[in-house]
Amino acid sequence: MTRVSRAPFVFILEPLNFSFTPVHKKPRICRTLIPLCASRERGADSAAPGHVRPPVQRKPSSHGASRRSAMKKSFSQEQVSFNSPVSRSPSVAIIGGGISGLLCAATLEERGVRSTVFDTGVHGLGGRMATRALVESQQHLVFDHAAQFFTASDARFQKLVEKWMSEGLVREWTGAVGILEAGGRFTTIPSSTAKYIGIQGMRPLADSLQKNSNSVQIIRPCWISKLEPFNGMWHLTENRNPRGSFDAVVIAHNGKCANRLLSSSGLPQLFRQMKRLELSSIWALLAAFNDPLPVPRDGDSNALEGAFVKGVDSVSWMANNTSKLFPLQNGNGVPQCWTFFSTARFGRRNKVPQENIPSVTAERVKVEMLDGVESALGLSRGSIPPPFYTRVQLWGAALPTNTPGVPCMFDPYGRAGICGDWLLGSSMEDAALSGISLGNHMADYFQCGDGQPEEFSVGLHDSFGAVAGHDIGHFPGLDFIEPVLDLVGDSVQ
Ligand SMILES: Cc1cc2nc3c(=O)[nH]c(=O)nc-3n(C[C@H](O)[C@H](O)[C@H](O)COP(=O)(O)OP(=O)(O)OC[C@H]3O[C@@H](n4cnc5c(N)ncnc54)[C@H](O)[C@@H]3O)c2cc1C
């Protein structure tokens, strides 16, 4: 196959060469209504051959609009269709710098396609592969505060894990990880499936994915608030500031932000699929203790390092970051940094706007989660010494509870795709595979999509099924863990 050339970045402002076609209730119609291919004359209007429409006046951004108005737009928005031939040196905007967006960029780069990744992260890239490092009371504290560990079942992901291991970024987690039943009964998970962790936490893995890259540009912190098709390109805006024009766009995030972006962008099929997604909410409590927590031990007398908690409403997972990440320091007078996650049920019951958590809610959640830790460990109430540092955070769009079970979505007429964990399941591996798949799919499209764009349509009509797994995700290979997830997620507005 011919590779897409690596010509330098050029902004191409062409004559009007896109069209909007009303989307009927059955989205499939769009495929037959929009015969777009390279053989068509540039600038010709695909819906009405021979007639060039005047520029379409786009409505103002839906950012800040009410849910109702966003819904209305979703039903009335029209399909954008680019009808110019695909650029010989395409550039792609990827909105989201989690593992899926970064691997989509890396895969595009391998295939000779340039991209720019936009991410909101203030502290760094990685999204839900987040590690928080801070100094409190002159002590260095480190917490993985979303993804805790991962398994690798697919050869493509295993290859990446091996690369990370060879670079000294990942190792197997050999500490005592298991199931903790309320009351303190701890059983380790048999170790036939490797459990991996980031040696310095998860975030450096994300950073490693864009190092030494020639044709991936990273822009952060940046919150893309608007997507507009014009003159054959996607124009991105951050709060009225232009952020560039691109031949194609990737949505590598989900939740409210993605729904807002898609609600008026001219991609109704992608929007409809995104709106079907349901997500759980999970509270994270990060807590540092001066003295070790009194945790149970496994059969070999190793102290619990990580546990899926059963039978406690406010806690579904607990892990000692200090022993996980810095085993030589644990127990040597350094503080223990613990990550506790609530159940999805507790998250839903105590949901508040995650950007603006009322202090009373934060305090109540902290108290209830610490109570839950005591119940899980079989300790009497108030027996855990108070932590000297705590922080609560709500992951309002934590994990998908339903999935279309497709590797990625791509709308070839709108030259827009979606990748992310939710397309396949709810894990880092799922997110990685989705990003790789979309990168390859788009590179194939750039090579030969002009002739038969409809052949490149993926995932636009697939129905959704429930995600199997635990409250904090699916761990292929550890499937014998009883699913404890309360699978009713929240619809995202
Ligand atoms: C509490 C919790 C625990 C978990 N534990 C595990 C675990 O132990 N093992 C495991 O395998 N998985 C775990 N997961 C799941 C795993 O973290 C995710 O599946 C994976 O990281 C998702 O990657 P992603 O690229 O799809 O999305 P994300 O990581 O969410 O990346 C999306 C990025 O897009 C950015 N963004 C959003 N909107 C915009 C915008 N408008 N403009 C620019 N940027 C934007 C976001 O800030 C984010 O950085 C956990 C998740 C949570 C919440």
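Which element gives the most to the shell around the ligand? It is α3, with three residues. Helices here are DSSP runs of H or I, at least four residues, and strands are runs of E, at least two, numbered from the N terminus.

Some ground rules. This is a predicted model, where local features need pLDDT of at least 70, side-chain atom pairs count only at pLDDT 80 or more, and totals for chains, interfaces and linings use all residues. Residues are numbered from 1 along each chain as its sequence is written.

Now the ligand. The shell holds 39 residues, each with its C-beta atom, placed from the backbone, within 6 Å of the ligand. The closest are Gly96, Gly98, Gly127, Arg128 and Asp421. Elements giving two or more residues are α3 (99-110), β17 (282-289) and α11 (428-448). By class, the shell has 22 nonpolar, 14 polar and three charged residues. Asp, Glu, Lys and Arg count as charged; Ala, Val, Leu, Ile, Met, Phe, Trp, Tyr, Cys and Pro as nonpolar; the others, Gly among them, as polar.

Next, α3 against α11. Their axes lie 7 Å apart, at an angle of about 35 degrees. Axes are lines fitted to C-alpha atoms over the stretch in contact, and angles run from 0 to 180 degrees between N-to-C directions. The contact of α3 with α11 has 12 nonpolar, seven polar and no charged residues.

Last, alanine 397. This residue sits in the loop between β21 (389-395) and β22 (402-403). Alanine 397 counts as buried because 24 C-beta neighbours lie inside 10 Å; the cut-off is 20 or more, with C-beta atoms placed from the backbone.

Note on methods
A residue is buried if 20 or more other C-beta atoms lie within 10 Å of its own, exposed if 12 or fewer, and partly exposed in between; C-beta atoms are placed from the backbone.
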